[in-house]
Amino acid sequence: MTEPTESAVYELLNELGVAYQRVSHAPAATMEDCIKIDEQLGVEMCKNLFLCNRQKTAFYLLMMPADKEFRTKDLSRQINSARLSFAGAEWMQEFLGLQPGAVSVLGLMNDKDHRVQLLIDEDVLQKEFVGCHPCVNTASLKMTVRDLTEKFLLAVGHDPIMVTL
C-alpha cells in the first residue's frame, strides 16, 4: 500500500513515460541505511541535501554521490550564496511536501512556486542511472539520468545548476 504522496510520484512518472525500478524497504533515513538498497537496485542512491542561505530567502536541493564529502564553502562559492546551512523541516514540508529522511529530487513536483533551486553534482549527471526515494523513505527507485533531466525536470519546470563538489 502506497501513501498518497508516493502514489502521486508514480502517477506523474507513468504519465511522463519514465521507466523505473522500485523496491520497498524498512525506513531509510541515512546513507548507511541505503547501502542494502544500492545492492538491490544496482545503483548508488544519491545523497540529497536541503539547504538555504543565512537569510532563509534562497533554498536549494543538492543531489550528490553518496560517497562525496560536502563542503559548504566549495558550494557557496559556485552558486554565489554566502553561509549555506541545512534548511529546517518546516521549509522542506512547505516547499517540497517532504519529511526529513525522505528528501528527493522527486519532491520538486510539489514545488509549484519554484522556491527551490536544484543543484546537481557533475558526477551524478555523468552516470547512466540515478537512485532516489519516491517522496517517502520506505521505497526507492532507479531511473535513467536522462529520464530525470529530460522528462521529469522538464515537466516540473526545474532547471538544475551543475556544480562540482
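**Group meeting: pockets, a helix and a few loop residues**

Let's start with the largest pocket: S2 gives the most to its lining, with 5 residues. A pocket here is an open set of points on a 1 Å grid over the protein atoms alone, with protein on both sides within 12 Å along at least five of seven lines, and lining residues have an atom within 4 Å of a point. Strands like S2 are DSSP runs of E, at least two residues, and helices are runs of H or I, at least four, numbered from the N terminus.

Before I go on, a word on what we're looking at: this is a predicted model, where local features need pLDDT of at least 70, side-chain atom pairs count only at pLDDT 80 or more, and totals for chains, interfaces and linings use all residues. Residues are numbered from 1 along each chain as its sequence is written, and side-chain values use heavy atoms, with hydrogens and water left out.

Back to the pocket. About 300 Å³ of space lies in it, and a volume means the space filled by probe spheres set on the grid points, which are joined across faces, edges and corners. There are 20 lining residues, and the closest to the pocket's centre are Ala 29, Asn 48, Leu 49, Gly 101 and Val 103. By class, that lining has 15 nonpolar, 4 polar and 1 charged residues. For the classes, Ala, Val, Leu, Ile, Met, Phe, Trp, Tyr, Cys and Pro are nonpolar, Asp, Glu, Lys and Arg are charged, and the others, Gly among them, are polar.

What about enclosed space? A cavity is a set of points where a 1.4 Å probe fits but cannot get out. Searching the whole structure turns up 1 cavity of 30 Å³ or more, with a volume of about 60 Å³. Its lining includes Val 43, Glu 44, Cys 46, Pro 65 and Val 124. Strand S6 (residues 129–132) supplies the largest share of that lining, 3 residues. The lining divides into 6 nonpolar, 1 polar and 2 charged residues.

Now the overall picture. We have 6 helices and 8 strands, and from the N terminus on they run α-β-α-β-β-α-β-α-β-α-β-β-α-β. The C-alpha trace spans about 40 × 30 × 30 Å along its principal axes. A compact globule of 165 residues would have a radius of gyration near 15 Å, and the protein has 15 Å, so the two agree. That radius is taken over C-alpha atoms, and the globule rule is 2.2 Å times the number of residues to the power 0.38.

Buried residues make up 48% of the 165; buried means under 20% relative accessible area, exposed over 50%, and partly exposed in between, with a 1.4 Å probe and protein chains only. Take contacts between residues at least 6 apart in sequence: 66% of them join residues at least 24 apart, where contact means heavy atoms within 4.5 Å.

Let's zoom in on helix H3. Which of its residues are buried? Asp 74, Leu 75, Ser 76 and Ile 79. The buried residues of H3 pack against strand S2 (46–52), strand S3 (59–65), S5 and strand S8 (161–163).

Right after H3 comes Asn 80, with a positive phi near 55°. Most residues other than glycine have a negative phi, and most peptide bonds are trans. Asn 80 sits in the loop between H3 and S4 and counts as exposed because its relative accessibility is 72%. Ser 81 lies in that loop too, between helix H3 (72–79) and strand S4 (85–86), but Ser 81 counts as buried because its relative accessibility is 8%. Beyond its neighbours within four places in sequence, Ser 81 is in contact with Asn 53, Tyr 60 and Ser 76.

One loop further to mention runs between helix H4 (89–96) and strand S5 (116–121), and it holds His 114. Phi of His 114 is positive as well, near 55°, and His 114 is partly exposed, at 43% relative accessible area.

Gly 107 is also found in the loop between H4 and S5. Is Gly 107 buried or exposed? Gly 107 counts as buried, since its relative accessibility is 0%. Setting aside neighbours within four places, Gly 107 is in contact with Leu 96, Leu 98 and Cys 135. Gly 107 and Ala 89 are 18 residues apart in sequence and 13 Å apart in space, C-alpha to C-alpha.
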